[in-house]
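Work through the exercises below with the sequence and the coordinates open. Each task is followed by a solution in steps.

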Amino acid sequence: MEWDVVVVGAGPAGCFTAKQIALSGFKVLILEEHQEIGYPVQCAGLISPRAVELAGVDKSTVLNNLTGLRVHSPLGAQFSVESSHDLALAIDRAKFDQELAANAEDAGAILMKGVKVKAATRIEGGFRLTLADSSKTISTKLLIGADGVNSSVSKWLGLSRHNLKAVMFAVDAQLQCADTDSISIFLGQNLAPGWFGWMIPLDEKTCRLGTGYALVQPAYSLQHYFQELVDQNPQIFKDLKIIRYTSGIVPLGKMPKIYSANAMLVGDAACQIKPVSGGGIYLGLRGAFVCAQTAIEALREDNLTEAKMSSYQKLWEKEMDEESASAMKLRESYLNFSDEDIDMVIRFLNKPKYHKLILKYGDIDYPSYLGKKLLNLLLKKNSLIKATLKISDKLRE
Ligand SMILES: Cc1cc2nc3c(=O)[nH]c(=O)nc-3n(C[C@H](O)[C@H](O)[C@H](O)COP(=O)(O)OP(=O)(O)OC[C@H]3O[C@@H](n4cnc5c(N)ncnc54)[C@H](O)[C@@H]3O)c2cc1C
């Protein structure tokens, strides 16, 4: 075999996996179809300080520190909280990916850009990869599919995928941002059915915003929902000028199987995505960590059998299954909320004692902690029982 490991895709999950395996002395090749790492950007670039630390990237990738959160109901209510520490960071996503790629190269991995993998065929002891626009083939003992939401590697491996996705219309825009410290979330079935709208200020004059849906059959187009977001909030979005589009899709739900003999999937390709927010960077990095651990052990033992690779899924489930399953149920429960229910919950939570609770338990990487606390709180309130019972039934399942 020419390579110990070939990683398809130089996004955060692929580069972080490659870096760790290369550090253990194995021959690692990363193949990326685009000429420039990090582009096109299809992301809002909001991650936790924990994720920045885990990635080991320079602090200069952080464009803005966000200490506040404001949630807007579709019927006009809102609540806002302000923390003494960073709740989230807005990053330069392209630079973030480029640093992760450079770190992987520094660790000894070889990165080939502008190379699209067209097919993977199982051969004795590994895989043979066919490249687009080239008669050359590449052989590897271990194939890692880090090729994102539309993963071809998962198809070649016959690992089934599901249909549930969040489809998002997202932009970077010029806008007068009155409050540069707070993330705004916009809820409502008319502007983001099954999902949410967002506005992330970068400085006084620029922000990222978007909306989307997470339904199999939405009633309207994505553009329609984005226009609703803008039209329903004229005081915030007047004079909005779009600079660039960053729209895209994230997969939701759990993949039944993320490995095969001599192969693993990681990141979006393995559906390592937070079901409540669609954030995939932190989970992709965590997934990369577990994937690399399994790869290193398997390569050292020269054992890349199906049984050996299955420890990847076991380790991943041990780490994230409970959080992801709870978050998924919270998400599903939210689908039952009418705009009136959302408004009622937001009005109810807009009190100093609940603000404290939100700040104490809120964590963008582990949203189910706060979700469960809020649920218990809401269940104590009779007037909210109708909406919240639907949540509690789901969580008890
Ligand atoms: C609109 C939007 C907003 C988002 N906002 C956030 C956010 O605020 N915070 C957050 O944490 N997450 C966010 N996400 C999700 C986040 O962008 C993804 O979870 C993350 O990019 C996944 O990383 P990855 O490495 O798994 O895949 P990707 O970043 O998608 O990388 C996959 C790479 O594989 C390459 N590739 C694919 N096929 C091939 C092939 N055949 N041959 C060679 N190369 C190939 C692609 O070119 C790509 O570079 C957002 C997503 C969208 C769409």
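**Exercise 1. Polar contacts of the ligand**

Task: In this predicted model, find how far a backbone N or O atom of Pro 12 lies from an oxygen atom of the ligand, then look for polar pairs at Glu 32 and Val 117.

Solution.
- Step 1. The cut-off for a polar contact is a pair of N or O atoms within 3.5 Å.
- Step 2. For Pro 12, a backbone N or O atom is 3.2 Å from a ligand oxygen atom.
- Step 3. Glu 32 takes part through its side chain: a polar atom there is 2.6 Å from an oxygen atom of the ligand.
- Step 4. Val 117 has a backbone N or O atom 3.0 Å from a nitrogen atom of the ligand.
- Step 5. Of the 1,000 Å² of accessible area that the ligand has on its own, the protein covers 88%.

**Exercise 2. The shell around the ligand**

Task: Which elements give two or more residues to the shell around the ligand, and which residues come nearest?

Solution.
- Step 1. The elements are helix α1 (12-23) and the strands β2 (28-32), β3 (46-47), β12 (165-174) and β17 (248-251).
- Step 2. β17 gives the most, with 3 residues.
- Step 3. There are 36 residues around the ligand, and those that come nearest are Glu 32, His 34, Leu 46, Arg 93 and Asp 268.

**Exercise 3. Nonpolar cores**

Task: Locate the largest nonpolar core and explain why it lies between two domains.

Solution.
- Step 1. This core has 78 residues, and Ile 21, Ile 30, Leu 31, Phe 96, Leu 129 and Leu 265 have the most contacts inside it.
- Step 2. Helix α7 (residues 281-301) gives the most to the core, 12 residues.
- Step 3. Residues of the core come from both domain 1 (3-41 + 93-163 + 255-318) and domain 2 (57-91 + 165-250), so the core lies between them.
- Step 4. Apart from this core lies another, of 57 residues, including Leu 175, Tyr 225, Phe 226 and Leu 252.
- Step 5. Take Leu 31 as a sample: beyond its neighbours within four places in sequence, its contacts include Val 6, Val 8, Met 112, Val 117, Leu 129 and Ile 138.

**Exercise 4. Domain 3 and helix α9**

Task: Describe how domain 2 and domain 3 are placed, and decide which residues of α9 are buried.

Solution.
- Step 1. Domain 3 comprises residues 331-395.
- Step 2. The C-alpha centres of domain 2 and domain 3 are 21 Å apart.
- Step 3. Across the two, 22 residues of domain 2 are in contact with 16 residues of domain 3.
- Step 4. Helix α9 (residues 339-349) has 8 of its 11 residues buried.
- Step 5. These are Asp 339, Asp 341, Ile 342, Asp 343, Val 345, Ile 346, Phe 348 and Leu 349.

Definitions and conventions
Residues are numbered from 1 along each chain as its sequence is written. This is a predicted model: local features need pLDDT of at least 70, side-chain atom pairs count only at pLDDT 80 or more; totals for chains, interfaces and linings use all residues. Side-chain values use heavy atoms; hydrogens and water are left out. A nonpolar core is a set of buried Ala, Val, Leu, Ile, Met, Phe, Trp, Tyr and Cys residues joined through side-chain atoms within 4.5 Å. Buried means under 20% relative accessible area, exposed over 50%, partly exposed in between (1.4 Å probe, protein chains only). Helices (H or I, at least four residues) and strands (E, at least two) are DSSP runs, numbered from the N terminus. Domain bounds come from an automatic or database domain assignment. Contact means heavy atoms within 4.5 Å. A residue is near a molecule or strand if one of its heavy atoms lies within 4 Å of it. A polar contact is a pair of N or O atoms within 3.5 Å; within protein, one must be able to donate a hydrogen and the other to accept it, and residues adjacent in sequence count only if both atoms are side-chain atoms. Accessible areas come from the Shrake-Rupley method with a 1.4 Å probe; for residues, only the protein chains shown count as cover.
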